[in-house]
Amino acid sequence: MQISDFLRRKLERRFQTFDFDGDGRIDRSDFEASAAALAAEFGHDTDSPARHRLTELSLELWEALASAADTDGDATIEPAEYQRAFAARLLVTEESFELGYRPFLEAIMSIADVDGDGLLDADEYVRWTGALMHLPDTDARAIHQRLDSDGDGHITVEDLLRAIHDYYFDEDPDSTGSWLLGELPK
């Protein structure tokens, strides 16, 4: 698969959101720390079943990424390794992305959906994206507004799945998915 400049920039941004500690590479501890931060943001202690499920899925995601992208076997993934694995269609394809993302998004929803209505309002969205990916508040609010296509003030797992699909597979810089993680690197 050929990676366009636009997709390369999106992959760089996604890599940054995986790199929880900001050290320029991703490893298992980034996934453990981001899951713990999200759970703590919403008051889930270490005994919480929702926190346990999120951690389990986060570590499964790490294992899948490491298996596909850690070509030098050093238990870390560098940006170039991540992009090569994506180009080789080892990380996500249009056919497989929902299988990987739906359970993860449902685990996030079980933590971040404070009132349990199956919807995320802007404040819940800002809190989970800030805790899990260090997304700035202003970016998260603007993204939530874009995701809220019917203007009811809420988004669903389905809204997020569509945006994630478009993030990886749509070349339109104005699409909702293209803005899913905020402004892209230049």
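In this predicted model, D23 is partly exposed, because its relative accessibility is 33%. D23 forms a salt bridge with R25, and the closest N and O atoms of the pair are 3.7 Å apart. The partner, R25, is likewise partly exposed, with a relative accessible area of 33%.

**Salt bridges**

The pair D23 and R25 belongs to a wider set, for a search of the whole structure finds 14 salt bridges. Three of the pairs are set out below.

| Acidic residue | Basic residue | Closest N to O distance |
|---|---|---|
| D23 | R25 | 3.7 Å |
| E32 | R28 | 3.1 Å |
| D159 | R162 | 2.6 Å |

The pair E32 and R28 lies within helix α2, where the two residues are four places apart, about one turn of the helix. E32 is partly exposed at a relative accessible area of 34%, and R28 is partly exposed at 35% relative accessibility.

The pair D159 and R162 belongs to helix α8; because the two residues are three apart there, about one helical turn separates them. An α-helix has 3.6 residues a turn, so residues three or four places apart point the same way. The two ends of this salt bridge can be described separately in terms of accessibility. D159 counts as buried because its relative accessibility is 13%, and buried means under 20%. R162, at 48% relative accessibility, counts as partly exposed.

Salt bridges also join residues into a network, which links E98, R102, E106 and E158.

**A buried arginine without a salt bridge**

R9 is located in helix α1, which covers residues 5-18. R9 is buried but has no salt bridge; D5, the nearest side chain of opposite charge, is 4.4 Å away. A salt bridge requires a side-chain nitrogen of Lys or Arg within 4 Å of a carboxyl oxygen of Asp or Glu, so the 4.4 Å separation of R9 and D5 does not qualify. When neighbours within four places in sequence are left aside, R9 is in contact with L184, P185 and K186.

**The nonpolar core and helix α5**

The largest nonpolar core has 55 residues, and those with the most contacts inside it are L38, I108, Y125, W128, Y168 and L180. Two or more residues of this core are given by each of the elements α1, α2 (28-41), α3 (49-69), α4 (79-87), α5, α6 (122-133), α7 (137-147) and α8 (157-169). Helix α5 supplies the largest share of the core, nine residues.

Helix α5 spans residues 97-112, a run of 16 residues. From its first C-alpha to its last, α5 reaches 22 Å, close to the 22 Å expected at 1.5 Å a residue. The buried residues of α5 are F97, Y101, F104, L105, A107, I108, M109, I111 and A112.

Which residues does W128 touch, not counting residues up to four places away in sequence? The list comprises L38, F42, I108, A112, L120, M133 and L160. Among them, L38 and I108 are also named with W128 for having the most contacts inside the core. I108 and A112 are both buried residues of α5.

**Loop residues**

T93 is placed in the loop between α4 and α5. T93 counts as buried because its relative accessibility is 13%. The C-alpha atoms of T93 and Y168 are separated by 8.7 Å, although these residues are 75 apart along the chain. Y168 is also one of the residues with the most contacts inside the largest nonpolar core.

Two further loop residues have a positive phi without being glycine. A75, in the loop between α3 and α4, has a phi of about 65°. A75 is partly exposed, at 47% relative accessibility. H134, in the loop between α6 and α7, has a phi of about 60°. H134 is also partly exposed, at 45% relative accessibility.

**Annotated segments**

An unreviewed UniProt entry places the feature "domain: EF-hand" at residues 6-41 and 135-170. For residues 6-41, the end C-alpha atoms lie 33 Å apart, and the span is 75% helix and 0% strand. For residues 135-170, the end C-alpha atoms lie 21 Å apart, and the span is 67% helix and 6% strand.

Notes:
Residues numbered from 1 in each chain as written. Predicted model: local features only at pLDDT ≥ 70, side-chain atom pairs only at ≥ 80, totals over all residues. Heavy atoms only, no water. Expected span 1.5 Å × (residues − 1). Buried < 20%, exposed > 50% of the residue type's maximum accessible area, 1.4 Å probe, protein only. Lys, Arg positive; Asp, Glu negative; His and termini not counted. Contact = heavy atoms within 4.5 Å. Core = buried A, V, L, I, M, F, W, Y, C linked by side-chain atoms within 4.5 Å. UniProt positions renumbered as here; feature names shortened; annotations may be inferred.
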